[in-house]
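Please open the structure in your viewer and keep the selection tool at hand. The tour goes from stop to stop, saying what to select and what is there.

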Amino acid sequence: MLIVRRLIQLLQREFSMRNIAIELELNRETVSVYEKRIKATGKNHDELLELNDEELAAALQPRQASEEDPRLTDFMARKESFLNELGKRGVTRKLLLKEYRKVYPDCYGYTRFCGLLDEQIALKGVSMHHEHKAGEIIQIDFAGDKMSYVEPETGELIECVIFVAVLPFSGYTYVMALADATLPHLVKALNNCLLYFGGVSVYIKCDNMKQAVIKPCLYEPTLNEILEQWSVYNSTALLTARVRKPKDKPHVEQGVHLSYQRIFAPLRNDVFFSLKELNDAIWRELENHNHEPFQKKRFTRYERFIDGEKSKLSPLPQFPFVIRHRQQKLVAHNYHFHLTEDNHYYSVPYRFVGFKLTAIYDTTTVEIYNGSERIATHSRSPVAEGYTTETSHMPSNHQAFKKQKGWDSTYFLQEAGRIGSHVHAYMEALLKSRPQEQQAYNACRGLLSLAVKKQIGPQRLENACLRALNAGIVSYRTIKNMLANNMEKEELGVKSKLPSHQNLRGPEEYK
């Protein structure tokens with residue numbers, strides 16, 4: 001769904017089908033199909049982006065099967081094979097088409113065949129000078145040199161990596177010292193960078209840093225999923241420079257160079273005793289750098305940013321991005337998902353026993369998904385080796401057993417008090433009537449069950465308990481029989497009477 005959300009964002013920015021296909025490395029036909037499905041929903045782009053993954057997947061389901069050219073379908077199924085073969089020495093397009101016709105005689109002709117191949121081949125561009133658009137891109141990098149502070153308690157010198165971000169259009173720069181270059185600290189720096197700039201650019205470009213790129217590749221690098229989530233959350237896109245090609249991001253390279261001159265050098269003889277002190281000093285020098293006029297120009301980076309670029313940035317989300325981790329597990333027979341990091345178990349509906357489910361979690365929440373369907377949500381527990389169980393996830397017999405384990409005199413008296421004072425007094429007497437309190441629990445359950453029966457109800461039960469208390473009789477069966485024979489009214493002075501009838505004879509008939 002990350003790719004689908006990115007596609008919606010690009011459509012919102014009015015990118016062409018071809019540019020979207022290149023950007024997302026998809027076939028143009030695929031982009032076109034999803035563009036039609038998006039229009040068919042009747043919702044605008046903002047409304048679709050506000051949906052969760054489950055709702056978005058349901059909204060984009062095809063309403064009816066579209067008619068496709070079987071020749072195109074077959075070509076697309078073989079395209080990877082064609083491109084691989086075309087790269088081999090001596091293999092021509094005519095030869096490929098000749099071999100293709102042997103297995104699929106009804107294929108396209110040579111002209112259409114070549115046109116489709118051209119669409120699948122990424123064309124190599126020539127080098128050129130490029131003027132960046134305002135708000136289009138932020139280039140980021142780590143400086144090669146480090147800065148440091150002294151740990152007050154031990155006197156140890158703590159080295160810190162330096163994060164640098166530059167807006168190429170204005171040259172406006174952000175610099176921050178980090179405890180290390182791990183992914184959580186990189187995400188923190190990126191959040192602070194966007195907050196400092198006051199908006200989000202269309203792209204974020206970095207080199208092949210290991211925090212961002214899992215598997216480097218000239219054409220299709222594999223990016224870290226957490227950073228992909230970060231980019232979608234902030235409505236931007238991650239780009240990577242080619243391996244060992246620093247000229248692909250020249251502005252941040254220049255930004256690093258200038259940070260050596262205008263931040264590292266002025267602070268080289270200062271001693272700091274915390275990371276906060278170090279960053280405070282960096283940001284003071286950074287303000288001087290951003291407000292210093294360009295050479296041979298009358299304006300500063302800050303002025304150019306405010307006048308021509310800040311308004312072009314997209315607005316920030318309401319809250320900064322929080323790292324969410326992902327884990328897949330088979331659900332055991334106890335219908336709990338084992339979160340390995342905490343060694344804690346979280347319940348899911350028991351019908352998902354044996355399913356392979358996915359947990360998405362952060363520092364506060366654990367969400368468990370079956371595909372794109374969220375089936376459980378829990379607050380993340382700080383307790384290791386424990387269980388978090390929601391009663392509704394349990395089968396009915398397990399729920400009954402759990403409820404039974406919670407029975408005690410407090411529970412029964414509380415429930416009786418909700419019915420009435422006489423029921424509460426009778427319940428108290430019933431609990432004291434047995435040698436062991438637990439022996440009266442089933443009788444207490446029976447007494448409570450009478451109040452919910454349609455033909456009895458709370459008031460009749462209250463009257464029956466009053467009469468039984470006055471008679472000094474403590475027994476569930478006594479109350480049940482009394483209610484069955486409508487005897488609870490007699491004690492209250494409401495005796496039942498036979499209706500008057502002309503065929504009834506009185507005592508005078510027997511004199």
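The stops below cover two sheets, the nonpolar cores and some salt bridges. Keep in mind throughout that this is a predicted model.

**Stop 1: the four-stranded sheet**

Select β9, β12, β13 and β14. These four strands form an open sheet, in the order β9-β12-β13-β14, and their pairing is antiparallel. Now colour residues 325-330 and 373-379: these are β9 and β14, the edge strands, each of which pairs on one side only. Looking across the sheet, you can follow a twist that averages 25 degrees from one strand to the next.

Next, keep β13, residues 365-370, together with β14. How many bridges join β13 to β14? There are six, and the two strands run antiparallel. To see a facing pair, show Tyr-369 and the residue opposite, which is Arg-374 in β14.

**Stop 2: the three-stranded sheet**

Select β10, β11 and β15. Here is an open sheet of three strands with mixed pairing, ordered β10-β11-β15. The edges are β10 and β15; each has a single partner strand, so one side of each has no neighbour in the sheet. Hide β10 for a moment and look at β11 with β15: this pair is parallel and is held over two bridges. Show Tyr-345 and then its bridge partner in β15, Tyr-387.

**Stop 3: from one sheet to the other**

Select Glu-341 and Arg-380. The two form a salt bridge, with 3.3 Å between the closest N and O atoms. Glu-341 is in the loop between β10 (336-339) and β11 (344-347), while Arg-380 is in the loop between β14 and β15 (387-388), so the salt bridge ties together parts that are 39 residues apart in sequence. Is Arg-380 buried or exposed? Arg-380 is buried, because its relative accessible area is 17% and the cut-off for buried is under 20%.

**Stop 4: the nonpolar cores**

Select Ile-138, Ile-162, Phe-163, Phe-197 and Ile-282. They belong to the largest nonpolar core, which has 53 residues, and they touch the most other members. Add helix α9, residues 183-197: this helix supplies eight residues, the largest share of the core.

Now centre on Ile-282. Neighbours within four places in sequence aside, Ile-282 is in contact with Met-147, Ile-162, Val-175, Ala-177, Ile-263 and Leu-267. Another core lies apart from this one and has 23 residues; to find it, select some of its members, including Val-423, Leu-450, Ile-479 and Met-482.

**Stop 5: more salt bridges**

Side chains of opposite charge can pair when their charged atoms come close. The whole structure contains 16 salt bridges.

Select Arg-93 and Asp-118, which form one with their closest N and O atoms 2.9 Å apart. Arg-93 is in helix α7 (residues 93-103) and Asp-118 in helix α8 (residues 110-120), so this pair links distant parts of the chain, 25 residues apart. Both ends are partly exposed: Arg-93 has a relative accessibility of 21%, and Asp-118 has a relative accessible area of 38%.

Last, select Glu-253 and Lys-249. Their closest N and O atoms are 2.4 Å apart, and the two form a salt bridge. Glu-253 is partly exposed at 29% relative accessibility, whereas Lys-249 is buried at 2%. Add Asp-141 and Asp-207 to the selection, and the view shows a network of salt bridges linking these two with Lys-249 and Glu-253.

Notes:
Residues are numbered from 1 along each chain as its sequence is written. This is a predicted model: local features need pLDDT of at least 70, side-chain atom pairs count only at pLDDT 80 or more; totals for chains, interfaces and linings use all residues. Side-chain values use heavy atoms; hydrogens and water are left out. Two strands pair if DSSP finds at least two bridges between them. Axes are lines fitted to C-alpha atoms, for helices over the stretch in contact, and angles run from 0 to 180 degrees between N-to-C directions. A nonpolar core is a set of buried Ala, Val, Leu, Ile, Met, Phe, Trp, Tyr and Cys residues joined through side-chain atoms within 4.5 Å. Buried means under 20% relative accessible area, exposed over 50%, partly exposed in between (1.4 Å probe, protein chains only). Contact means heavy atoms within 4.5 Å. A salt bridge is a side-chain nitrogen of Lys or Arg within 4 Å of a carboxyl oxygen of Asp or Glu.
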